[in-house]
Amino acid sequence: MNNSLRNILVTDGNSRAGLAITRSLGSKGYNVYVGERREKSLAASSKYCYQSVLYPDPASDSKAFCKTIIEIVDKYDIDLVIPVTDICVFPISRMVKEGRLNCNVPIAKDATMRMAADKNALTKFALELGLSVPESQTIESKDSVSIDSYKIPFPIVIKPSRSRVKVDDRWIFTSVKYANNKDELRTILNETVQEIFPVILQERVHGNGVGAFYCYDNGRCIAKFSHRRIREKPPSGGVSVLRESVRIDPLIDKHSQLLLDNLKWHGVAMVEFKHDEVKNIPYLMEINGRFWGSLQLAIDAGVDFPKILVDISQKQEISQVAEYELGVKTRWLWGDIDLLLMLLFKSRYELNLPDDYGPKWKVIASILNPLGTNLKYEVLKLSDISPWLYESKQWIKGLVNKN
């Protein structure tokens, strides 16, 4: 380890990406301070967490969160801050822009981050570069809603242009919804609060979601990785609960690097596509300028993105990392159990399952099989069992409270 960088603050201790970063960097001798709203968290449960630190909820009090991050950096002599989820990335990105943090934060420029996170702006930018995006129409405001003027065929995806929307000093978390007819579309739009607009109406692409993952050093691609989603929750498209490392698709890689090169990207990014199997076209869905939930798979397959990011931050000479082990699978166990319950207790209609999803019983049977070739578990690791015990307790508590 290079002693010029020793103390690292990782935010979002309850995220699986936060845990993967903590395990990666803590195992290499760095002092990893894990930040969260509560002292106990998934990543703070790891034996690789050096110390847990608290900060106010950035979703409800962004100013207090920023003030506390500055205090943590000064108090613990933090050399590097790694914000993990959007709710922490964007306040910290703004602080970097304003010169308020006395440490390294390896992310793209604030304006670049915000442009990439704006799905409406990203769609226009992608079209200018000649990339394929799903047929889309933008509703700028609640007052401009006119159902009969929209020509996109049903089912329609209703996608807020931003994943998080700031209202006063708090954040509203948005989500993608689906409409199968005009009545459902009208109801969803009428229930959408004004602050969430503009909203994008988009054709639903039937095909597999494909993620391409990158680490950039000031506009230069250093590392890349890809996986295929085997199971997702919800099953209509969402968080992957079982995924496998695969060779990166050349066209998706070309399109991803075209985007990131033109954005002069710095740090990590996930570029997400859906591959239309009928048209054989990869459609760009979004860019996330942060670590992703399935980060542990990349590390297990040989692309240690957290370590690469730290090496870049220390100005080390790094050769491009393009090779990794194929066929490695990681399973998020409790996420898979959530999917099992959805399939058992909800109808195909309630789950918005496409016709090509196949029989539910086959997916249920595969979930119940705990074994597989080259299968690893994401949170559950016998060498560091405490995070899984913590997650299990939280999952059971959530199930009890729901019922």
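Let me start with helix α6, residues 182–191, whose buried residues are Leu185, Ile188 and Leu189, where buried means under 20% relative accessible area and exposed over 50%, with a 1.4 Å probe and protein chains only. These three cover an arc of only 95 degrees around the axis, taken from the directions from the helix axis to the C-beta atoms, which puts them on the same side of α6. The general background is that an α-helix has 3.6 residues a turn, so residues three or four places apart point the same way. On the other side of α6, Asp183 and Glu191 are exposed. The cover over the buried residues of α6 includes strands β5 (136–139), β6 (156–160), β9 (177–179) and β10 (199–203), with contact meaning heavy atoms within 4.5 Å; helices (H or I, at least four residues) and strands (E, at least two) are DSSP runs, numbered from the N terminus.

I should say that this is a predicted model, in which local features need pLDDT of at least 70 and side-chain atom pairs count only at pLDDT 80 or more, while totals for chains, interfaces and linings use all residues. Residues are numbered from 1 along each chain as its sequence is written, and side-chain values use heavy atoms, with hydrogens and water left out.

Now the cysteines. A search of the whole structure finds zero disulfides, a disulfide being a pair of cysteine sulfur atoms within 2.5 Å. Cys49 is in no disulfide, and its nearest cysteine sulfur, that of Cys88, is 15 Å away; at 15% relative accessibility, Cys49 counts as buried. For Cys103, the closest cysteine sulfur, in Cys66, is 13 Å away, too far for a bond.
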